Each structure stands twice: as C-alpha cells, then as structure tokens.
Amino acid sequence: SLSGGLLGLLFTYPLRQKMIVQDKLPYADGAAAAAIIRAGDEGGRQSRTMLSAFGLGALFAVARDVLRLFPAYFNLESLKVGAAKLFSFGSSISLIPLAGGYLIGARFTLAWFLGAAATYFVMVPYLVSSGFFSDKAGVLIEVSKPQGAGIVIGAAIAYFITAGVPVFLRTAAHYAEGRFGKKMGAAVLVLSVLLVYLFNLSLPITIIAVVGAFFMAYIGARITGEMNVDPMEIFAMIILLGAKFVFGFGVLHLALLAAVVCIAAGIAGDAMQDFKTGHILGTPPEHQLAAEVAGAVSASLVMGTLMLAFAAIGFGTADFPAPQAVAIKEIIQVDNLQGILAAGALLGLIYTLVAEKYGLGATAIAFGIGLYVPIELSVPLFAGGCARYFIDRAKKTEFFRLAAGGLIAGEGLVGAAMVLAAAAKFFGI
C-alpha cells in the first residue's frame, strides 16, 4: 500500500498541468466535490440542496443495509426478518451508480450499458440455448469476463500508445527540469530499495513494478478524467500478463506486483480528481500533494487491519464477491493465455484506434467493463447518464450535480461506517 500509493502520487503529480489545466478533462467527481464545497461555504439554496441529497443517500443506505445486515447491533431480531423480506432484492440496489451515471454522462454510460446488454440479452441466451453452457453462470465466468477484460486490456494498450507516449515524452522533460523532479527520482529510488529488501523481491520484479506503476498511473489518470471510472485492476492485468508469460514469476511475487500496480493506478485516478477540485477552488497544488501523501501513508498503516477483518468473512463469497480480485487471481493461476482473452484484447485495440480517429475517446473500455460487470449496476448507471443528457438540455446541470454529489456522499458515509463496524466486531470491540 505504501509503495504503490507513493509511486502513484509521484508519477501523477507532474501530469496535473497537462490533463487538468491544458486538456481540461472533466474529472466529474472532482468537479462535483468542488461544487459541494462551494455550496457549503456559500450556504443558501445550494447548501440546502446538497444537504438534502446527502440525507436522502444516508437514509437510503441505512434502510437498505444497516437494519438488514447489522440488526444485532440494534437488538431487533424481529426487524431482521421484516427487513430481509422487504429488501430481498439485495444490497446491490444503490443510488451511487444512478448518481455516478449522471456525473459520467451519456456517452460512456451508453457504451457501458451496450456491453451489459450484449452479455445478458445476446451472449448468455445464445450460448445457453446452443448447449455450450448449461447455465448463465458458466457464460459469465468462461466467456464474458475474459472477453470484457481482454477488450479493456487491448483498449488500454492502444490508448496509451496513441495518447500516452507523446505526453510521456514531454512529461519526462518536466521531471528532469523541475526541483520536484530531482526529489521524485530520489524518492522512487528509495521506494525501489524498500520493495527489494522488505518483500525479498528480485531486482527484475522491482523494476517491472516501478515501471508498471509509472505507465499505469498515466492510464489511470487519463481514463478517470474522461470516464470518471478507474478500472485499476485491469491495468494490473496488463503488467501481470507480461510478467507471467515473459518472465515466469511465481504466484506470491505476481500478487505483490499486482498490488503495487493496482494501488498506483488507483491513487493516480483518485489524486487527479482531488487536483481537479483544487484547481476549481484555487488551492495550491503543492498543499494538495502534501495532503495526498499524508493520506496514502495513514491509509497504508490501517489497511492491513481492515483486510484481516474482511478476510475472516472470505473474499469471493456472496457478502464480498470481489469480482475483480477473482479475475486477477485467475490470471495469476492460469497456465496459458486464454484465446478469448487474446481475441478480446485484439478487438479492444482495434476499436480504440478507430474510436480515437472519430473522437469517441475511451468508449471501448466502458464497453468492455459493461460485458462483465453485473447488469444491476449497469442499468442505474445508464439511467443516470440518460438523465444527464436531458438535464443538460434543460440547463440544470449544476443543480443536479450538487444533488448527485450529495447522494454519493451520504450513501458512501454510511458504507464507510459499516466497514468500521464490521472491523470492530471482528476484533471484539
């Protein structure tokens, strides 16, 4: 966590000028956060809108999850039965994808939904009725997941080749020119030494981890700016495939490599959202960077405790399905490169090269994610994107941006409280 987080920040900060100031990428969550902060500072109608949406999101999460999943904390066993019946459709129902779809916009949510529709309304019925698979689960595991992951991998590679390499050439000069660039080089060297000695990694694995974090931090930052989604585990898959089939590393080292690259890409996308907020509000970026470093360090110190609590329940279960972690596990343990994954990568690469020519951006990545993400998430996301299209035409974008941000913050806060409650229960607090 510490190595991946700091590497992500070191490699992302110099991209702020290009992606946020010059290219003006939307970074929808960052823009929404700025709107929420302004509303809170200014008070009045904007503040009431945001706080009302925040309360609605929190109440929805309490009704859906807290009373349903943690009745023992309230000693309401009878309520458990009633809530279980009332919310039998499961905790996948959420306001967050609806509000998130609004923030993302119509283009990418449409591509995402088309991917989901292709899986659930075309691929699954055809393959089951043709006798290739006996049930829907087999299609999702054996076909849609590797195909969708392959499309995203191919699209990410193409996107980096077309958009990343030119920026990196200029960014490298920026690293060398500035005072921060020299300090960054020393910090990367220190982190590399720590990776070698603390985790007993070989020098080749450490080099791949650092270089992988460097490349994937760019892709994570760029795609988050356009799509408001950071599929960081997909970026780790790109590095894993090369490390596994070219260098033949073992399972433990591959898992550590995936962790460093995933966290670096994830931090990159998240930090750029924060830098977008700061840019809108006029916050000095150096101050934000210091806060980001403090957050990465403090999070790395407590992450192990939370993961132990979750591991006691078990990953890959109904309570914690962790589909992306399962996908990475399959890549780490697979003996050969699946043909369907390779075909998907080729399709994603070709699609992205064509899409770039016509200004469609990273829609291939959205389509690929839609292929394997549950449709329960894709439908409300698409509904939010459609709402954004019509609201934009009615010129009410900012009002509902506040509302969407409030819904996400309210439901997210209750979710964070549930995580802490689960950890406290695990450790007997």
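**Salt bridges in a predicted model**

Author: In this predicted model, a salt bridge joins the side chains of aspartate 23 and arginine 222, with an N to O distance of 2.9 Å.

Reader: Where do aspartate 23 and arginine 222 lie?

Author: Aspartate 23 sits in the loop between α2 (16-22) and α3 (28-42), whereas arginine 222 belongs to helix α10 (residues 203-227). The two are 199 residues apart in sequence, so the pair ties together separate parts of the chain.

Reader: Is arginine 222 buried or exposed?

Author: Arginine 222 counts as buried, because its relative accessibility is 12% and the cut-off for buried is under 20%. Aspartate 23, by contrast, is partly exposed, with a relative accessible area of 27%.

Reader: Which lysine forms a salt bridge with aspartate 23?

Author: That residue is lysine 18; the closest N and O atoms of this pair are 3.3 Å apart. Lys18, Asp23 and Arg222 are thus linked in a network of salt bridges.

Reader: Why can side chains pair like this?

Author: Side chains of opposite charge can pair when their charged atoms come close.

Reader: Changing topic, how many salt bridges are there?

Author: The count comes to three. Among them is the pair of aspartate 392 and arginine 388, at 2.9 Å from N to O.

Reader: And where do aspartate 392 and arginine 388 lie?

Author: Both are in helix α17 (residues 375-393), four residues apart, which is about one turn of the helix. Arginine 388 is buried, with a relative accessible area of 14%, while aspartate 392 is partly exposed at 31%.

Technical notes. Residues numbered from 1 in each chain as written. Predicted model: local features only at pLDDT ≥ 70, side-chain atom pairs only at ≥ 80, totals over all residues. Heavy atoms only, no water. Salt bridge = Lys/Arg side-chain N within 4 Å of Asp/Glu carboxyl O. Buried < 20%, exposed > 50% of the residue type's maximum accessible area, 1.4 Å probe, protein only.
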